[in-house]
Amino acid sequence: MAQIEIKDLSFKYRLADKESLKEVSLTVEQGQFVVVCGKSGCGKTTLLRCLKPNIRPAGEMTGTFLYEGKRIETLSDREQATEIGYVMQNPEHQIVTDKVWHEMAFGLENLGEKTETIRAKVAEIAEYFDITGWYHQDTDSLSGGQKQLLNLAAIMVMNPKVLVLDEPTAQLDPIASERFLDILKKINEDFGITVILSEHRLNYVLQKADKVLILHEGGVRALGDAEEVVREGLTMDIEPLMPVPGRIFHAAKGQGKVPISILEGRKWIEKNINLKNCMEENGSSVNEKDRSDQWGIVCKNLWFRYEKNGEDIIKGLNLKVKKGQIFAILGGNGTGKTTTILLLAGILKAYRGKVNTFGKTAVLPQNVQTLFENETLAEEIGNVSDEIMEQMGLKELLEMHPYDLSGGEQQKAGLAKIIAKEPDILLLDEPTKGIDNLFKEELGNFLRQLTEKGKTIILVSHDLDFCGEYADRCGLFADGMLISENNAREFFTHNRFYTTTVAKMTKGIIEDAYRREDLLC
């Protein structure tokens, strides 16, 4: 008997005009690692929330949904709490206590477990996750990656049978993301726990999957093992959703097994593509524009700390961004990127140094929900032009509550709202969080159109592919300082931390090379 059986599942939100899920069927065996992917708003989050009835959104559900042979809605609250763990996209939304050890104990305390039992289970999981070093730390002192790891550890204390995760790496830097996914796979293998995970960034996760499900407009578009689904997806209009190695393989009309991991992709490129000649012919500075000597933002020797006697978060920052350029700020969690955006916007004030902004600024915050104040999207963005609404794909969502939108749809709505203010300078904190590659292409082209009109854009992002393709210049942050910057091509070519993006940037070059048939090995 399958652990989870879904047959002809449909779901419609209470105020929505159309169904978010349409006759979805899926069978999951115990211990499988399942990846759910698709465009923003395709129904991924809705499907995952249906796996845990006490957080299911308000609406009408039809079809059959069985968990271990029982209708899932018949599970008691205790069974749901102990057997089905759920990790949200935003780590901040799930942590409820002040100390790490207390967060791990919270679930068992609410179930009424004995103190000695709680202590033993918490200590065991803390050792397994290697987090005993920050056992007594305040939860608000943790980085984004540590907070998400804590959320997972707190669920594992409950000894679940199924882990459901809704884009858990969306706010993590690339290294923290890979570490989190490695731990998740280790849990899957060590304990036989079923993992059902939604994800946009597929370059690293697909190699871990037993089964991959692609949703499209609420229905099943493809279902099978990773290589089979990627091969099928590369021939459809969802090709931009596929992992970078497979897309490069497809662009060069590769033969044989489709590479789905970075390692497989690198080996295939080394064997089949004369990348050196390819890069030499196409130059090394294709991203950088140099239209103007006018500056959009200039900051000099900025120093900032959150508390008078606290540690400096920003340390002597010097930054100049030209008018009409896209500047991407990159770096790990906790390096001062978001703080810099708030300083540039004037929301925070440096205790030393100066910021000069040449024009009106607008900020897209990392938590885009803080922008929403109304009951419907129509009320929220009522002054947004039809052109922007069309570009953002928001016209059919106007009657929905902003909080009922998917993560990607919320990002679009927030971006539309700030662009409607017609700022000269856009400060964007993780603008591609939760959105699919199809819309990323539209967003990137849209941002470039804005720079053509003289707008200055500074964005903080962990999305290396997006920055490599659309930024003019990139800067690397570490320990509150800008330690290096360059035009995008040079930055990614010479920074080994970001080698995956070099492959992404070669995709168009390889397409040209194949057409000329002179750079293939």
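1. Start with Thr376. In this predicted model, and leaving aside neighbours within four places in sequence, Thr376 is in contact with Leu398, Glu399, Met400, His401 and Pro402. The residue itself lies in the loop between β15 (361-364) and α12 (377-380). Buried or exposed, then, for Thr376? Its relative accessible area is 16%, and the cut-off for buried is under 20%, so Thr376 counts as buried.

2. Next, the acidic side of things. Asp8, Glu19, Glu23 and Glu60 form a negative surface patch. Of these, Glu23 is worth a look: you'll find it in strand β2, residues 21-28. Its relative accessibility comes out at 58%, which makes Glu23 exposed.

3. On to salt bridges. How many does a search of the whole structure find? The count is 20. A few of them are picked out in the next points.

4. Arg78 and Glu113 form a salt bridge, with 3.7 Å between the closest N and O atoms. Arg78 sits in helix α2 (residues 77-83) and Glu113 in the loop between α3 (100-110) and α4 (115-128), so this pair ties together parts that are 35 residues apart in sequence. Both ends have some surface: Glu113 is partly exposed at a relative accessible area of 29%, and Arg78 is partly exposed too, at 45%.

5. Then there's Lys147 with Glu92, a salt bridge whose closest N and O atoms are 2.5 Å apart. This pair links distant parts of the chain, 55 residues apart: Lys147 belongs to helix α5 (residues 144-156), while Glu92 is in the loop between β6 (84-87) and α3. If you're checking the surroundings, note how the two partners are covered. Lys147 is buried, with a relative accessible area of just 8%, whereas Glu92 is partly exposed, with 48%.

6. A third bridge to check: the side chains of Lys257 and Glu264 meet at 3.8 Å, N to O. Here Lys257 counts as exposed, at 59% relative accessibility, and Glu264 as partly exposed, at 28%. While you're on salt bridges, Glu68, Glu83 and Lys161 are also worth selecting together, since bridges that share partners join them into one network.

7. Now Gly256. Where is this glycine found? It is in the loop between α8 (244-251) and α9 (262-272). Gly256 is partly exposed, with a relative accessible area of 47%. What does Gly256 touch, not counting residues up to four places away in sequence? The partners are Arg231 and Phe249.

8. Last, helix α11, residues 337-345. Which of its residues are buried? Lys337, Thr339, Thr340, Ile341, Leu343 and Leu344 are. When you read that pattern, keep the helix geometry in mind: an α-helix has 3.6 residues a turn, so residues three or four places apart point the same way. Just after α11 comes Gly346, which takes a positive phi of about 85°.

How values were computed:
Residues are numbered from 1 along each chain as its sequence is written. This is a predicted model: local features need pLDDT of at least 70, side-chain atom pairs count only at pLDDT 80 or more; totals for chains, interfaces and linings use all residues. Side-chain values use heavy atoms; hydrogens and water are left out. Helices (H or I, at least four residues) and strands (E, at least two) are DSSP runs, numbered from the N terminus. Buried means under 20% relative accessible area, exposed over 50%, partly exposed in between (1.4 Å probe, protein chains only). Contact means heavy atoms within 4.5 Å. Patches are made of residues with over 30% relative accessible area and no salt bridge: like charges are joined within 9 Å, nonpolar side chains (Val, Leu, Ile, Met, Phe, Trp, Tyr) within 5 Å. Accessible areas come from the Shrake-Rupley method with a 1.4 Å probe; for residues, only the protein chains shown count as cover. A salt bridge is a side-chain nitrogen of Lys or Arg within 4 Å of a carboxyl oxygen of Asp or Glu. Lys and Arg count as positive and Asp and Glu as negative; His and the chain ends are not counted. The place of a charge is taken as NZ of Lys, CZ of Arg, CG of Asp or CD of Glu.
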